[in-house]
Amino acid sequence: MEANEMKLDPEQSLRIITDTIAKTKDNIRAMSSCFLLWGWLIAGASVLFYVLHTFTDFRLYFLPFPAAVVCGGIWTLRYFSRMKAGTETWLNWFLKQMWLTIGICFLLVVAISLLMKQAPFTYTLLLGGIGTMVSGLVMRFKPLIAGGILFLLLALGSVMVNDAAKPLLQGIAVLGGYLAPGYLLKYSKTA
């Protein structure tokens, strides 16, 4: 053993392990804020898009989505930049990198879909399902896994409905895939 390594007695070792587990649980529970924010933003944007497109003559019916993305993006960037140095676990780092990548893919999918003059909802549901399911798997949180499965099933279902109904499917997906698990995660004692 090198001279600069310190020996820990069993009580100190147990305290370090307990503190690490508690920090990881707190960081995982804090991730609920992101699921809740994005769940409410996307659910609201989906319903508003549907109402404006279906029941009004408003030509800019798509505006709820860019507004939600800008507001959510600013909040998310500020949220992660405020994390205290040294409090980020490997799990938090991984989830942050994964969702950043998925966010970039969301933007690309929407841009490509618009260029091809088709609704992006099937593909955004797929991306949401992948991110949610992987988050649930690495966090070992079954409600997020179920939420990811819901996203994927609704992505499949979206190919069977007309374009007008697809925003409602997306709203349902985020209610069951982000919001329900987000609240369960926020108030969980074992996460």
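# A chat about a seven-helix model

Modeller: Let's start inside helix H5, in what is a predicted model. The buried residues of H5 are Phe121, Thr122, Thr124, Leu125, Leu127, Gly128, Gly129, Gly131, Thr132, Ser135, Gly136 and Met139.

Biologist: Thanks! How many residues does H5 have, and how far does it reach?

Modeller: H5 has 19 residues and reaches 26 Å from its first C-alpha to its last, which is close to the 27 Å expected at 1.5 Å a residue.

Biologist: And Ile130, is that one buried or exposed?

Modeller: Neither, quite. Ile130 sits in helix H5 and is partly exposed, because its relative accessible area is 44%, between the 20% and 50% cut-offs. The C-alpha atoms of Ile130 and Ile149 are 8.6 Å apart, with their positions 19 residues apart along the chain.

Biologist: What comes just after H5?

Modeller: Arg140, which takes a positive phi of about 55° although it is not a glycine. Arg140 lies in the loop between H5 and helix H6 (142-158). Its relative accessible area is 77%, so Arg140 counts as exposed.

Biologist: Where is Lys117, and what is its phi near?

Modeller: Lys117 is in the loop between helix H4 (90-115) and helix H5 (121-139). Its phi is near 55°, again a positive value in a residue other than glycine. Lys117 is exposed too, because its relative accessibility of 75% is over 50%.

Biologist: Let me step back. What does the secondary structure of the protein chain come to?

Modeller: There are 7 helices and 0 strands. Read from the N terminus, the elements run α-α-α-α-α-α-α. The protein chain has 191 residues, and buried ones make up 34% of them.

Biologist: What share of the contacts join residues at least 24 apart?

Modeller: That is 68%, taken among contacts between residues at least 6 apart in sequence.

Biologist: New topic: helix pairs. How is a pair of packed helices described?

Modeller: By the angle between their axes and the distance between the axes. Take helix H2 (residues 32-55) and H3: their axes come within 9 Å and cross at roughly 170°. That angle is over 145°, so H2 is roughly antiparallel to H3.

Biologist: Which residues in H2 and H3 meet?

Modeller: From H2, they include Leu37, Trp38, Leu41, Ala45, Phe49 and Leu52. On the H3 side they include Phe65, Ala68, Gly72, Gly73, Trp75 and Tyr79.

Biologist: What about the aromatic rings? How many pairs does the count come to?

Modeller: The count comes to 12 aromatic pairs. One of them is Tyr50 with Phe55, whose ring centres are 6.0 Å apart; their planes are at 85°, so this pair is edge-to-face. Phe55 is exposed, with a relative accessible area of 60%. Trp75 and Tyr79 form a stacked pair, with 4.9 Å centre to centre and 15° between the planes.

Biologist: Where do Trp75 and Tyr79 lie?

Modeller: Both are in helix H3 (residues 64-81), 4 residues apart, which is about one turn of the helix. An α-helix has 3.6 residues a turn, so residues three or four places apart point the same way. Trp75 itself is partly exposed, at 32% relative accessibility.

Biologist: Which residues form an aromatic cluster?

Modeller: Phe49, Tyr61, Phe62, Phe65 and Phe121 form one cluster. Phe49 and Phe65 also appear among the residues where H2 and H3 meet, while Phe121 is on the buried list for H5.

Biologist: Last stop, H7. How many residues does H7 have?

Modeller: Helix H7 (residues 166-186) has 21 residues and reaches 29 Å from its first C-alpha to its last, close to the 30 Å expected at 1.5 Å a residue. There is also a kink of about 30° in H7, centred on Leu175.

Biologist: Ala173 is in H7 as well. Is Ala173 buried or exposed?

Modeller: Ala173 is buried, because its relative accessibility is 0% and the cut-off is 20%. Not counting residues up to four places away in sequence, Ala173 touches Leu125, Leu150, Phe151, Leu154 and Tyr178. One of those, Leu125, is also buried in H5.

Biologist: How far apart are the C-alpha atoms of Ala173 and Ala43?

Modeller: They are separated by 8.4 Å, although Ala173 and Ala43 are 130 residues apart along the chain.

Conventions:
Residues numbered from 1 in each chain as written. Predicted model: local features only at pLDDT ≥ 70, side-chain atom pairs only at ≥ 80, totals over all residues. Heavy atoms only, no water. Helix = DSSP H or I, 4+ residues; strand = E, 2+ residues; numbered from the N terminus. Expected span 1.5 Å × (residues − 1). Bend = angle between axes of the 7 residues up to and from the residue. Phe/Tyr/Trp six-rings, centres within 6.5 Å; stacked < 30°, edge-to-face > 60°. Buried < 20%, exposed > 50% of the residue type's maximum accessible area, 1.4 Å probe, protein only. Axes fitted to C-alpha atoms, helices over the stretch in contact; angles between N-to-C directions. Parallel < 35°, antiparallel > 145°, perpendicular 65-115°, else oblique. Contact = heavy atoms within 4.5 Å.
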